[in-house]
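Today I open the notebook and look up how this chain is put together. Follow along with me, one entry at a time.

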Amino acid sequence: MDGRARTTINFVSIALTMTCIAFFPSSPATMAAQYDVVSWGGRADGKTDSSKSFLSAWASACSSSGASTVYVPKGSYYIKTAAFNGPCKSSSITFKIDGTLLAPSDYGVIGNSANWIIFRHVTGLNVYGGTLNGQGSGLWACKNSGKSCPDGATNLEFSNSKNIIVSGLSSVNSQMFHIVISGCENVKLQGVNVTASRASPNTDGIHVSQSTGVTILNSRIGTGDDCVSIGPGASNLWIENIVCGPGHGISIGSLGQNLHEAGVQNVMVKTVAFTGTQNGVRIKSWARPSTGFVHNVLFQHVIMNNVENPIIIDQHYCPNNNGCPNQASGIKISDVTFQDIHGTSATQVAVKFDCSSKYPCTGINLQDVKLTYGSKVAQASCSHAGGTAFYVKSATFNGPCKCSSITFQIDGTIVAPSDYSVIGKSENWIIFSHVTGLNVYGGTLDGQGSTLWACKKSGKSCPDGATNLEFSNSKNILVSGLSSVNSQMFHIVVSGCQNVKLQGVKVTAPGTSPNTDGIHVSQSTGITILNSKIGTGDDCVSISPGSKDLWIENVACGPGHGISIGSLGWKSQEAGVQNVTVKTVTFTGTQNGVRIKSWARPSTGFARNILFQHAVMNNVQNPIIIDQHYCPNTGCPTQESGIKISDVTYQDIQGTSATKVAVKLDCSSKNPCTGIKLQDVKLTYGSQMAQASCAHAEGTASGLVQPSSCLI
């Protein structure tokens, strides 16, 4: 410690503590003993009961003193039922399936059993490949007819086991649940494929209960019930890169059926896509007393495609109104974050929080959620739900401060007035002025600018609008992990500052939102912008007079107008822009890529020593452009720009142009551009090479340059 005072402002901190899964069994050893089920009498004809052969091979592998493998060759094997029991002497058993295992087609054979195939009390198991076909359609038809039918058997269960890997397995047409993890520790399922009809009842894809340290990765699940369901007693779950549909979504619950029940905690669900499902991400509990809980859950990076209930908490679950009408759920739900969830709802109410009146939901956090219904924004419905969206009319945080190290920690969402007239005539909504030594971490700033944008586009007289966040005359600033959405005007402004670093920033606004620059830098030095994603209605990054020593790297831009130096030259006496590096950037569907722009009027300003490097253009209208004849209204016709542009390098610029002219260098006739360098530029237009257009542009080309250089 250096003895300096440190201050932290904490906005409803949500700690997502995920237990790391530290051990998984290794891949099968090259010298492992192998037990081929065919050698034990298994028949790959799909008719002969091979259950005993499988169990015999298992018994030998289980009793082996070292690593062992049970091997199932290609073909179809009829298995009436199989229980692979431990504990085993071997702590590394591989079950390698190259064939298909078939359950009895007559549901009466195993329909009253809980499981078709089960592993119990096993430590150190790898299951690779293969298909389990539960042939459950007969039982589904029975259930859908309303007749009295057995519950059905789960295709595959792991019970009271640990250190399990399941990789590349397919489960089809289970009578009931497909894969169940119960009472287990340290289980990893990856590349799993679950398939059943959307009309198949109770056919959850993967069900986890009373287990800890379960990881589900890179899997595709389509079924008649939940793609993934999480029951009581589950903790430390990581679910990532899942495609779900058809089905009922990913559900925590149903919980609370029993009075005394373990809770669910530390659950991460990220990078998932739902298509045509009944629900997206759901927490569900019975409307009856219970000691259970749900705590510390994150749903992140989710896409909804025509989902009936994209985001839902339902604490009034009471099928058939049996045993729970008019009661309140005892399940306590807290610290649940919904972050970066986008897409379409099949119903008007896309967000529904129907929480318990006795134990309201607390710590609900909505960050960067955009769901539409048809051509309009969907609706939200909340009952007994408390969260972390703070309404702030406006805020000015002034220095200088005695403390030289202040942290502003935002774990919630700060919301601006929806009525644009409240702050629309102010330059800023939130501003830090004359502050030295500030760290801003996390959170979301929602400027609610859509009504002002509509006013501007209508042609009415409207205020300019407020910037979401400005740093003015400050230095030694770090902004990390902040999201800015729907600002009335600019999103983030850095003005008159020194030594500012923005990293992991996300800016979001529609491509039609006017004047909503993502990050705007002016009169500042030593500015770094890293690892950020910006999509808006104007420049992703704009750089104004007086800015120097800028480093912009690993930025994804789109929609928007690209990364722009300018507009410059509005004033006759104006500071220049110099020493700017823009590298490793991607532009998708933007109006411009890398641009330098100046007014067509006299000015003392300049732009020099600029490097645009390692840029990818995806269908960009003007990938490379210098425009020194900018004159949107009046005050400059037939004049020439006084801005002197020199020493600008375009290096390793690749991709596609949405227009035929991909390189346009339209410089001032009075002050021609000098020192322009094109190095390794390859831009195409459709199936052909694009073109270049130059006026008063001097420089050199080297390496492969397509379109061909037009420099003088």
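**Entry: terms and ground rules.** I start with the nonpolar core, which is a set of buried Ala, Val, Leu, Ile, Met, Phe, Trp, Tyr and Cys residues joined through side-chain atoms within 4.5 Å. Buried means under 20% relative accessible area, exposed over 50%, and partly exposed in between, with a 1.4 Å probe and protein chains only. I note that this is a predicted model, where local features need pLDDT of at least 70 and side-chain atom pairs count only at pLDDT 80 or more, while totals for chains, interfaces and linings use all residues. Residues are numbered from 1 along each chain as its sequence is written, and side-chain values use heavy atoms, with hydrogens and water left out.

**Entry: the cores.** Which residues touch the most other members of the largest nonpolar core? I find W58 and F95, in a core of 84 residues. Strand β25 (residues 293-307) gives this core its largest share, six residues. Strands (E, at least two residues) and helices (H or I, at least four) are DSSP runs, numbered from the N terminus. I also find a second, separate core of 77 residues, with C403, I565, I676 and L711 among its members.

**Entry: around W58.** I list contacts (heavy atoms within 4.5 Å). Beyond its neighbours within four places in sequence, W58 is in contact with nine residues I can name: V70, F84, N85, C88, I93, F95, F119, V122 and L125.

**Entry: strand β6.** In β6 (residues 82-85), A82 and F84 make the covered face, whereas A83 and N85 make the uncovered one. Two strands pair if DSSP finds at least two bridges between them; β6 runs parallel to β9 (residues 115-120), joined by four bridges. F84 of β6 stands opposite F119 in β9. Helix α1 (residues 51-63) lies across both strands, at about 5° to β6. Axes are lines fitted to C-alpha atoms, for helices over the stretch in contact, and angles run from 0 to 180 degrees between N-to-C directions.

**Entry: two sheets.** I trace an open, parallel sheet of eleven strands, from β6 through β9 and onward to β31. Its edge strands, β6 and β31 (379-383), each pair on one side only.

Another open sheet of eleven parallel strands runs from β34 to β59. Why does one side of β34 (395-398) and of β59 (691-695) lack a neighbour in the sheet? Both stand at the edges with a single partner strand each, so one side stays without a neighbour. For β34, four bridges lead to the parallel strand β37 (residues 428-433), where I431 is the bridge partner of T396.
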